[in-house]
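Visitor: Got a minute to walk me through this one? I'd like to start with how the chains meet.
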Amino acid sequence: MTNEDSAPARSLDGTIWPQVDRALSGITASAERAVLDVIVSIPRDEVVRGLKALKADEALAFDYLRCLTCVDNEEEGIDVVYHLYSTKHHHNLTVKAHLAPDDLFVDTATTVWRGANWYEREAAEMFGVRFRGHPDPRTLLMPEDMTDTFPLRKDHPLAEIEVLQGEGIAWGVEE
Amino acid sequence: MTNAVQSDHDFEVQDIMINMGPQHPATHGVFRMVLAVDGEIVRDVIPHIGYMHRGGEKLSETMDFRQGIGFMDRTEYLAQFNAELSYVMAVEALMDIQVPERAQWIRMILCELNRLSSHFMFTGAFGTDSGVFGTAFTYAFRWREEIMDLFEEITGDRLMYAYFRPGGLAWEVTDNFAQRVKYVLDQCRQGIKDVDNLITNNEVFKARTQNVGIISAEDAIDWGTTGPVLRGSGVPFDVRRDEPYLFYDQVDFDVPVGQVGDVYDRWCVRIEEMRQSVRIVEQCMAKLQPGPIMPERMPRMLRTPPGEVYIRTEAPRGEYGIYMVSKGGNRPHRLKIRSACFTNLQALKDMSVGNYVADAVLILGSLDIVLGETDR
Amino acid sequence: MMTETLFGLPTGVDAAIRLLIVVGVMTVVVMALIYLERKVLARFQQRLGPTRTGPMGLLQSVADALKLISKEDIRPKNADPWVFELAPFLVFVPTFLGFVAVPFTIAWQVRELELGLLYVLAVSSVNILGWVMAGWGSDNRYAILGALRAVAQSISYELPLVLAMISVAMVANSLNLVEIVRQQATVPNIVWQPLPALLFFICLLAEMNRPPFDAPVGESEVVGGPYVEYSGIRWSMFFLGEYAAMFIMSLLGAAVFLGGGAWPLGEELGVGWQLALTVVKAGAIIFLMFWTRASFPRLRIDQMMSFSWKILLPASIAQILVTGGILVYNLPSGLEHTLLAVTSAIGVLFVYTAINRSVATPRPRPVVLVRRSEAAR
C-alpha cells in the first residue's frame, strides 16, 4: 500500500461511470479507475440491489457475470468482487463490496444471474463468507466435512498442511 | 426422489441414481456426475468436482511472477499457451510493460496452434464418447502429435511449456520455424478435412447429436457460459473479436456461431474454429518480422505496483480470465483463475434434464471439460 | 433327404464325430476371427494391432484364451446362482446349434434340413433368454439396463430379419438351404433381392450387438451391459458366442444371398473350390461388419427402435407383398426376375432416403460465420 500515494489516480473521464452512477441512483457508490476497468464500490447491504439495477438498466445491460470472487485484505476485511460484462454493449465493470472482518455476510447474487451459483459456493468455502439465500450452500472443491477451514484466507498457512495430515493440530481459525 | 403414482396399489416410483465417475471412461478426467434417472430419462444431474483441487490459487500467492507461469500450464493442460498468456498479460498490464512485436506475433501463432491441438483432442475424445471408438481418436491424435512435435522443438516440452515470460518469450524460436509451421498447417488442413468427412456428415452422428442438450441463448448468458458452448447457442461473443488482445484486430477471421444450441452445433462450431485458426496462423506468419523478443530493460526481480487487473483471453474452451491483485511486492496478493469449464459446468443440469442417459455422456463431452482448470 | 453317414458308421458314432468336428472347427474359427477383427480394426484406425505375441501377433487369441481360463471365477454375493451361471450357456449353445444346418458346400453340411433356413433363424434367437438371465442374475444396475436394452433390440430386429428371409424363400420356393444355394448357380440372390440383403445385413449387426447397434454393451455408458459382472471363462463364453454367431450368420448370408459354393463357377465344381468360395464370401460379409464398426458412432436405444419399427419393418413387409404380387402371375422367368430386381432396388433407394430425411440438417448451414465487421456496436 505504500506506493499508492505516489501513483496519480487515473481519471474517470470517458468511462461508463456517469451512466453507472445514474443507474445506481439511491445507492452510495464510489468509483476508481484501475488498470483496465472501472471499479465501483457499493456498500454490502445494497450490493445485490445495485447489481439488479445494473442488469436492468437499458444503457448498461450487464447481463453477464464474468467472475465472482473474494480478496482477503487481512485486518481490513474481505472484498467481494464481481466482474460484469454486457453482451449487448460490450463494456465491462468491476463491482466491489467490502465486508468487515467480523461480519462476513452478503446477499446472494444468484437472484440476479444464475451463473453466480458455483462462484459463491467456492468463495464461501475458501473464505468463510456466508452468501445469504444461496440455493445450494454445499462445499464444492473442499471435502464435505471440512467446513471449518478456509484455505484462501491469509492467516491460513500454506506450509503446515503436510504436518496436519495425520497429526490433528488445532487450527485456531475464527468461525 | 419419489413420484407417487395413482393406482389401486400403493406404488412408490423412485428414480435410479446412476453414478458416473470419478473413474469412468466417459467423464473426461476425474469428474463425478450423479444422474437421477427415471427409466432412461435424466431427471437431475448433480456434478461433483474437486477431485483435482491442488490449491493453485493459494500456491500462486507464494510464487513470484515468473514461477507462477508453471502452474498455469497445469491448470489448462490442453491449451497451455492460452493460460500462460493470460498470466503474463496480467503482469504486463500491472507493470505497464511494452511487449515487442515479434513476441506478440509468435505468441499469437502459438496460441492458435494450441487451439488447433486442443480441438483435435476434442474431436478424438468426442468421437470416442459417441461410439466411434478408436477411429476418430487415432486420426485426431495423429495430427495433434504433429503440432506437439513443433511445440517440443520450440519449448523443449511436450505438454507443460512454460515458454511465455512477462515481457515476451523465454527464448527465440527455432531457425526453421517458418517451414515447420507451414508443414504443420498443411497437416492440420488435411486433418480437419478428414475428421470432418468422417464424422460431421455421418448419419448416425447427426442422429445422436442434433437437438440434444439444447441451451437457449438467454440461459447460456445467464449461466455465464463461454466459448463454443455460448457460440453454439447463437451468441456471437468471442473475446478475440470483442476485446482484442495481442494483434487480433489486425488479422482477418470469422467467428462461427451456431443456431440451435445443441451438441451438433457445438461440434460444428469447433470444427469451423479450427479452420479459422489455420487462417489466422497463416496471416501471422506473413507478418512475422525479425526482432527482439523481450524488451531491452527487464528488471531481474519483477515488482508490480499496487493495483488489480482482470485479463481475459479466448482459450479453446471459453474465456480464461486471470484476476490479479497486487499490493506491491514480487508476488500476487490474490490470483483468481476464472476458468471456462468451471462456469460451463454449471449449465450442465439445464442441458441434460429431459434427455436420455446416453445423451448425458455426449452433452458432457460437448462441453469439453478439463478438470485441471475446473478444480485448479 | 438325409445324407449318408460318414464311412457307413452307425448313426450315433457318426453324430458324435460330426459334433467333434463342429466344436473343433468353431473354436479355431472364433479365435481366428478375434485376431482378425483386432488387426483389421487397427488398420482402419491407423495403428497395427497385435504384433508381439507370436509372429505378427498370431498367438494373441491363444494368449487371451489362456488368460481368461486361468482367471478367478467371481460371482457377486447377491447374484442368483442358477440364473447367473446358466446364462452364458444359453447365449453360447444356440449358435452352435445353428451350425448344424448351414451348408459349407453343396454336399457338405452337418445335416441337410428341409426347414434349414427356418431352423437357423429360430435357433439363433434363443440367446435373448441368455441375456435376460445374465442381466437379472448379476444383481447390478448396469447389467439390468444393458440386458433390457439388448432384449428390446433383439426382438425388434428379429422381425425384419425373418421377413426378409421369407421373401428370399418365396423366390427360391424352398426353405432348404442346399436348394437355395443350388438355385444360385448362375446369378446370386443379391441381384434379384438387394433389399432383403440390405435388411439382412443391418438386422444381423443388431442381432449380434455389433456397432453401430451395440448400445447394450456400450463401453462408455453402461460399461459392459449384461456382461459386466462376468469374468474369466464365463465372460469368454459370451464373447465366443458372439463371434460364433457372426461366423454362422455370415455363412448363412453367403449361402442365401451370395450363392454359397455354387456361384460363379457352377454346381459341378470340386468340393475344395466350393469350400473356398463359401469361406471367401463369408469373409467378405465379416469384413463388412468390421468396416461398419470402425466407421459409425453408436445409435441411441430409442433411435434404434424407431429405425427398426418405422423403417425396416415396413420395408420388409412391402418387399414381401411386392414379391408375392410378382410371383403369383407365373410370368416367364427372365421378366419375373427383372421385375423382382427392379422393385427391390427401388426399395433400397426408399430405405436410404428415409434414413437421410430423418437426420437431415434442417438449416441451410449448420454454422453461421459472423464477419468481423459485423461486430454489433
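Guide: Sure, and keep in mind that this is a predicted model. On the chain A and chain B contact, 31 residues of chain A touch 34 residues of chain B.

Visitor: Which elements give two or more residues to the chain A side?
Guide: Those are strand 3 (64-72) and helix 3 (116-127) of chain A. Strand 3 of chain A gives the most, with 6 residues.

Visitor: And how does that side split by class?
Guide: The side of chain A that touches chain B has 17 nonpolar, 9 polar and 5 charged residues.

Visitor: OK, the sheet in chain A. What's the strand order?
Guide: It's an open sheet of 5 strands, ordered 1-2-5-4-3, with mixed pairing. Strand 1 (30-33) and strand 3 of chain A each have a single partner strand, so they stand at the edges with one side lacking a neighbour in the sheet. On average, neighbouring strands are turned by 25° against each other, direction ignored.

Visitor: What does helix 3 of chain A touch there?
Guide: Helix 3 of chain A packs on the sheet against strand 3 and strand 4 (78-85) of chain A, and its direction makes about 5° with that of strand 3.

Visitor: Switching to chain C: how do helix 2 and helix 10 pack?
Guide: Helix 2 (residues 60-69) and helix 10 (residues 233-257) of chain C pack at about 140°, with axes 8 Å apart. The two helices are therefore oblique to each other.

Visitor: Which residues meet?
Guide: C:Ala65, C:Leu68 and C:Ile69 from helix 2 meet C:Ile233, C:Trp235 and C:Ser236 from helix 10. That contact has 5 nonpolar residues, 1 polar and no charged.

Methods
Residues numbered from 1 in each chain as written. Chains lettered and ligands numbered in written order. Predicted model: local features only at pLDDT ≥ 70, side-chain atom pairs only at ≥ 80, totals over all residues. Axes fitted to C-alpha atoms, helices over the stretch in contact; angles between N-to-C directions. Helix = DSSP H or I, 4+ residues; strand = E, 2+ residues; numbered from the N terminus. Parallel < 35°, antiparallel > 145°, perpendicular 65-115°, else oblique. Contact = placed C-beta atoms within 7 Å. Nonpolar A, V, L, I, M, F, W, Y, C, P; charged D, E, K, R; others polar. Pairing = 2+ DSSP bridges.
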